[in-house]
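User: I would like to go through this model with you by way of a few questions, taking the overall dimensions before the interior.

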Amino acid sequence: MKVAWPIEIVGTGAYLPDRIVTNDELRQYVDTSDEWIAQRTGIRQRRWIAPGETTLSLATAASRAALADAGLTPQDLDLIVVATITPEHQLPATACLLQAALGCRWIPAYDLAAACSGFVWAFQAGAQYVVSGLAETVLVVGAEVLSNITDLQDRQTCVLFGDGAGAAIIRRSPDPTRGIVAVRLGADGDRGRLIYIPAGGAKEPASHRTVDERLHYMRMQGRDVYKFAVTQMEAVIAETCADAGVALDDLACVIPHQSNLRIIESACERLSLPLERVLINIDRYGNTSAASVAVALHEARATGRVRAGDWVLLVAFGAGLTWGAVLLRI
Ligand code: ACO
């Protein structure tokens with residue numbers, strides 16, 4: 001949908017745990033190889049937390065970096081939205097704990113669960129608060145510790161995921177030509193269980209049996225998700241640009257969810273979008289779900305891949321199934 005939301009990203013930050021886990025290292029858990037993983041996914045390594053690190057500690061580090069980048073203090077924030085599927089606890093929201101960890105005022109803080117689409121959804125939600133006037137300064141975070149929900153006996157999933165966090169701070173832009181010009185969000189719950197964690201929720205509360213049967217780990221039907229991802233990513237990119245009347249050629253940078261290099265490549269090939277204009281860091285971090293677009297956005301700003309006035313597209317898909325895209329002049 002075409003919108004006119006004059007917002008500005010005034011700061012970004014990211015935190016990736018120090019511990020690098022190579023493809024070769026995963027061979028101690030499952031029958032796999034560096035060649036298979038690199039060829040099928042583009043992943044060379046990922047980061048896993050060290051003892052003592054958690055979703056909250058990652059989110060806090062990324063948020064502090066974003067605040068420093070923006071030249072703001074925690075007292076300046078009016079709202080926090082944390083996108084995550086690996087919250088610190090099931091209760092309360094990680095965003096509330098982050099509010100306390102940062103030393104903010106008693107501002108509203110909530111979590112948003114849209115899996116890999118989480119940061120894109122949280123970003124557009126944060127922007128809406130700013131544009132409506134409900135908040136002046138919003139902190140949007142994507143943070144995950146996927147290594148905690150990855151089954152090291154399942155070679156189809158355990159090679160894909162990593163840990164990390166990214167954050168962005170949004171404010172109203174005094175320049176009406178900057179900001180978000182189109183948003184597309186969607187979900188298909190009929191395919192909800194293509195990627196899911198069977199137990200630990202209301203349907204299957206935790207028990208000795210659920211632990212014994214490894215039902216607290218993520219399950220995924222990879223091929224079905226792959227097919228969905230390629231077609232949906234292509235469609236959402238094209239439709240979002242069409243909504244705003246922005247040509248694909250005008251995009252300075254597409255920042256996609258880093259799920260699988262082949263998914264990104266095929267969607268771009270169908271759109272004739274050169275890969276040089278797509279931010280790719282999956283080789284270093286794997287799939288970090290809600291953190292992925294946040295980390296990539298920070299990288300794009302920090303390395304000068306995107307500059308003030310550029311057209312930038314954030315796009316993601318994930319469990320739910322969910323998808324989302326935000327087109328903005330940064
Ligand atoms: N190492 C070696 N062999 C493997 C591995 C592995 N890690 N994993 C699977 N294989 C084998 C399979 O057993 C199969 O062997 P077979 O032919 O003897 O049966 C063969 O490789 C091919 O398996 P496929 O599942 O067809 O492999 P595919 O090319 O589809 O790649 C993958 C699998 C990487 C999971 C891919 O399907 C994919 O990326 N899917 C999308 C995942 C995704 O994007 N998820 C996003 C959302 S996640 C979220 O929201 C939290």
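User: What radius of gyration does the chain have, and what would a compact globule with 330 residues have?

Analyst: This is a predicted model, in which local features need pLDDT of at least 70 and side-chain atom pairs count only at pLDDT 80 or more, while totals for chains, interfaces and linings use all residues. Residues are numbered from 1 along each chain as its sequence is written, and side-chain values use heavy atoms, with hydrogens and water left out. The radius is taken over C-alpha atoms, and the globule rule is 2.2 Å times the number of residues to the power 0.38. For 330 residues a compact globule would come near 20 Å, and the chain agrees with this at 19 Å.

User: What share of the residues in the chain is buried?

Analyst: Buried means under 20% relative accessible area, with exposed over 50% and partly exposed in between, using a 1.4 Å probe and protein chains only. Of the 330 residues in the chain, the buried share is 54%.

User: Which element gives the most residues to the largest nonpolar core?

Analyst: A nonpolar core is a set of buried Ala, Val, Leu, Ile, Met, Phe, Trp, Tyr and Cys residues joined through side-chain atoms within 4.5 Å. The largest one has 47 residues, and Ile 195, Met 233, Val 254, Leu 313, Val 315 and Leu 327 touch the most other members. Elements giving two or more residues to this core include β9 (179–187), β12 (251–256) and β13 (311–318), where helices (H or I, at least four residues) and strands (E, at least two) are DSSP runs numbered from the N terminus. The most comes from α8, with 9 residues.

User: Which residues are in contact with Leu 313, leaving aside its neighbours within four places in sequence?

Analyst: Contact means heavy atoms within 4.5 Å. With its neighbours within four places in sequence left aside, Leu 313 is in contact with Ile 237, Thr 240, Leu 251, Cys 253, Val 254, Ile 255, Ala 325, Val 326 and Leu 327.

User: Is Ala 143 buried or exposed?

Analyst: Ala 143 lies in strand β7, which covers residues 137–145. Beyond its neighbours within four places in sequence, Ala 143 is in contact with residues including Thr 55, Ala 83, Gly 164 and Ala 291. Because its relative accessibility is 0%, Ala 143 counts as buried.
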